[in-house]
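Visitor: I should like a close look at one part of this model, namely the end of the chain. Please set that part in the context of the whole.

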Amino acid sequence: AIPARIAGEGDGEDRARRMLDRLGLADRADHYPAELSGGEQQRVAIARAVARDPALVLADEPTGNLDPGTGAAVFDLLLSIQAESSFGLVVATHSGRLARGCSRTLRLRNGSLEEITSLEITRFFDGNPDPEPRTGSS
């Protein structure tokens, strides 16, 4: 709610509480970060990122510190909120599961972005990250 207050938006606290409720954290709203689990902290980060109806959210490893089950639930929740709110979502990840959950997947290679297919996602994340021979000195 603090960014909304700074911007002079009067309903910031209401929006923040509604988002915490949406993320299943309404009963944890008055807790300090150290009193929250990793999954709860990640959901608070999502709430903070989307509470002011952004046009774009940049998510760097949004589930990187979570166990696979919690990570999957948090990512599914983020995608659900994104679909409802229609903001752009850019996710940087090393997770094949997250990459496969995105509508478009790009990889940064040699300083350029290139789109990759589902099969390439599987190769990239699940075993053979660079199937093409490298050029130049090693």
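Guide: This is a predicted model, and its mean pLDDT is 83, with 91% of the residues reaching 70 or more. The part requested departs from that picture: over residues 131-138, pLDDT stays under 50. For this stretch the model has one contact beyond four places in sequence. Among the elements, confidence is lowest in helix α6, which covers residues 118-125 and has a mean of 78. The highest value belongs to strand β1, residues 56-60, at 94.

The wider architecture may now be set beside these values. Six helices and four strands make up the protein. Read from the N terminus, the order of elements is α-α-α-β-α-β-α-β-β-α, so the series closes with a helix under the run-based assignment of helices and strands.

As for overall dimensions, the radius of gyration is 18 Å, whereas a compact globule of 138 residues would have one near 14 Å. The C-alpha trace spans about 55 × 30 × 30 Å along the principal axes.

Turning to packing and surface, 29% of the 138 residues count as buried. Of the contacts with a separation of 6 or more, 51% are accounted for by residues 24 or more positions apart. The exposed area of the protein is about 9,100 Å², of which carbon and sulfur atoms supply 50%. Finally, the protein carries 16 positive and 21 negative charges, and the mean positions of these two sets are 2 Å apart.

Conventions. Residues are numbered from 1 along each chain as its sequence is written. This is a predicted model: local features need pLDDT of at least 70, side-chain atom pairs count only at pLDDT 80 or more; totals for chains, interfaces and linings use all residues. Side-chain values use heavy atoms; hydrogens and water are left out. Helices (H or I, at least four residues) and strands (E, at least two) are DSSP runs, numbered from the N terminus. The radius of gyration is taken over C-alpha atoms; the globule rule is 2.2 Å times the number of residues to the power 0.38. Buried means under 20% relative accessible area, exposed over 50%, partly exposed in between (1.4 Å probe, protein chains only). Contact means heavy atoms within 4.5 Å. Accessible areas come from the Shrake-Rupley method with a 1.4 Å probe; for residues, only the protein chains shown count as cover. Lys and Arg count as positive and Asp and Glu as negative; His and the chain ends are not counted. The place of a charge is taken as NZ of Lys, CZ of Arg, CG of Asp or CD of Glu. pLDDT is the predictor's confidence in each residue, from 0 to 100.
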